[in-house]
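Student: I'd like a close look at just one part of this, the helix packing. Walk me through it slowly, please.

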Amino acid sequence: MLSTTIVLFLCALAASSVFTAMLCRYAPRLGLVDNPDARRKIHRRAVPLGGGLAIFGAVVFSMGMVLAIPNSLRQLFEDGALRYASYFAAGLVIVVLGLIDDRAGLRGRVKLLGQIIAALILICGGLVIHNLAVFHWSIQLGLLSIPFTLFWLVGAINALNLLDGIDGMATTVGLILVSATAVLAGLTGSHDAQVIAIAFAGGLVGFLRYNFPPAKIFLGDAGSMLIGLVVGGLAIEASLKGPGTVLLAAPLAICSIPIFDSAAAILRRKLTGRSIYSTDRGHLHHRLLNRFGSNRRVLFWVAMICAPTAAAALASVFLQNDAVALVTTLAVIGIVVAADIFGRAELLLLVARLAQLGGSLLRPVARRATAGSGLAVQLQGSRGWGILWESLAEAGERHGLSRIHLNINMPAIHENYVATWKSSHWPNPEDTWAVEIPLKVDSRLAGRLDICGVRNGLSPRDQIEAIMDLVEQFESRMASLSRGGSPKTGPRARKAKLPVMAGTNRRA
């Protein structure tokens with residue numbers, strides 16, 4: 001069997017290399033290219049997309065070749081025909097969904113629906129988590145079995161999709177995770193999962209040659225979502241202790257870094273008033289890229305972060321001790337946060353928001369401060385946006401506004417600043433007006449400013465015109481600061497009562 005799996009791996013590697021080379025040539029003719037936009041996509045030239053199609057095709061081709069020739073794996077394929085068919089069908093749905101998104105763009109809800117369909121195909125193929133085992137405790141999910149399995153698979157798909165932000169990132173992480181899954185499947189005797197993992201690893205290695213920085217082709221959503229689907233499904237299958245009983249610590253440890261990154265992204269976007277489907281450059285790889293300045297160095301450090309958690313997952317199963325996986329995973333994440341590599345700003349944002357919520361519940365209404373309160377967080381970068389924000393907060397008090405929300409997002413210079421100011425008075429919603437103003441620097445969108453005010457018997461038009469004069473001055477100072485100048489164009493604004501926290505990145 002060992003020799004046959006080696007042939008399977010090499011066949012997938014060779015097929016992936018050939019298919020990827022063909023896509024590099026023909027993808028642009030099909031409109032599968034990723035064009036730079038000088039804002040979020042800051043690569044220098046248009047790059048072909050569709051790596052997921054090459055990897056999927058290579059895995060299917062290699063397994064088909066092995067199945068066509070008499071060998072030790074043939075009986076395994078025949079016995080697990082339903083399981084292999086479900087992975088093929090689910091993978092096909094994800095790849096088609098991703099290619100459509102890469103070519104024309106899909107709304108987040110449509111992509112989510114497609115991901116749910118793919119996950120349900122795996123569930124219909126028998127991949128259902130009925131029980132969870134951790135520290136010798138067994139948790140029976142009962143009616144929650146299918147929803148929990150669905151949540152895990154869709155979460156894994158999106159976690160790997162969010163990691164696909166720089167050359168070779170998702171491919172490298174996927175290769176580490178699927179390799180660990182192959183070894184884990186060998187330890188637990190999950191031969192079906194091991195065969196799929198070995199073939200998929202071969203496909204990733206063949207593609208990585210072209211995806212390694214500087215990349216000649218990108219995975220695209222078709223590739224990153226396919227990796228998430230396969231890693232999420234195989235991590236569960238390889239961790240089965242019995243029928244439907246999953247050793248929870250192992251798959252959690254294997255997928256811990258993608259889970260940590262996606263959880264931080266959701267937290268960051270929700271607590272700053274943005275949609276969870278919005279994009280930013282605040283992920284782990286973006287922070288590392290801003291710190292080390294080289295894609296290859298980032299891949300090295302990401303591998304150094306993922307390798308200990310994957311190894312801990314294997315050790316926990318081998319030693320039959322869940323504490324090894326859980327303690328190691330928490331230690332790695334703790335070091336990443338404590339070393340200010342990633343996650344500190346999100347943690348501080350959560351703590352500040354909880355403190356603010358607790359204070360608003362405990363503080364009597366009659367004793368609320370009259371100066372207003374709010375929150376300002378520098379999620380990325382180190383430029384002095386706080387001085388500009390102070391002028392806006394002061395204007396809120398002076399013009400009798402009820403709320404100001406500022407969101408500066410300039411990925412090209414790695415700057416992300418979010419702040420909110422709220423009046424101490426609770427206005428009647430029927431008396432309020434609101435405007436949403438896009439902020440631009442050099443004709444490019446650099447952020448948004450949301451302002452809510454109270455009529456107080458005045459015309460909203462007069463109030464908004466006064467505010468627009470302030471916004472024009474703000475944009476001018478914002479442009480100066482984005483170019484490395486000083487934000488101070490006059491007397492420093494009086495400080496508002498806002499807790500300002502530095503982000504995780506100390507470089508401009």
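Tutor: Let's start with a term: a crossing is called right-handed when the near helix is turned clockwise from the far one by less than a right angle, and left-handed when the turn is anticlockwise. Keep in mind that this is a predicted model.

Now take α12 (residues 284-292) and α13 (residues 295-319), whose axes come within 9 Å and cross at roughly 125 degrees. The two helices are therefore oblique to each other, and α12 goes past α13 in a right-handed crossing. Who's touching whom? From α12 you have H285, L288, L289 and F292, and they meet N295, R297, V298, W301 and V302 of α13. Sorted by class, that contact holds 6 nonpolar, 2 polar and 1 charged residues.

Next, set α2 (residues 51-68) beside α4 (residues 81-104). Here the axes lie 10 Å apart and the packing angle is about 160 degrees. Anything over 145 counts as roughly antiparallel, so that's how α2 and α4 run relative to each other. As for handedness, α2 passes α4 in a left-handed crossing. On the α2 side the contact uses G52, L53, F56, V60 and M63, while α4 brings Y84, F88, G91, L92, V95 and L99. By class, that's 9 nonpolar and 2 polar residues, with no charged ones.

One more helix to round off the tour: α6 covers residues 145-163, and its 27 Å reach from first to last C-alpha is close to the 27 Å expected for its 19 residues. Its buried residues include W152, L153, V154, I157 and L160, plus S145, T149 and N161.

Definitions and conventions:
Residues are numbered from 1 along each chain as its sequence is written. This is a predicted model: local features need pLDDT of at least 70, side-chain atom pairs count only at pLDDT 80 or more; totals for chains, interfaces and linings use all residues. Side-chain values use heavy atoms; hydrogens and water are left out. Axes are lines fitted to C-alpha atoms, for helices over the stretch in contact, and angles run from 0 to 180 degrees between N-to-C directions. Helices (H or I, at least four residues) and strands (E, at least two) are DSSP runs, numbered from the N terminus. Angles under 35 degrees count as roughly parallel, over 145 as roughly antiparallel, 65 to 115 as roughly perpendicular and the rest as oblique. Contact means heavy atoms within 4.5 Å. Ala, Val, Leu, Ile, Met, Phe, Trp, Tyr, Cys and Pro count as nonpolar, Asp, Glu, Lys and Arg as charged, and the others, Gly among them, as polar. The expected span of a helix is 1.5 Å times one less than its number of residues. Buried means under 20% relative accessible area, exposed over 50%, partly exposed in between (1.4 Å probe, protein chains only).
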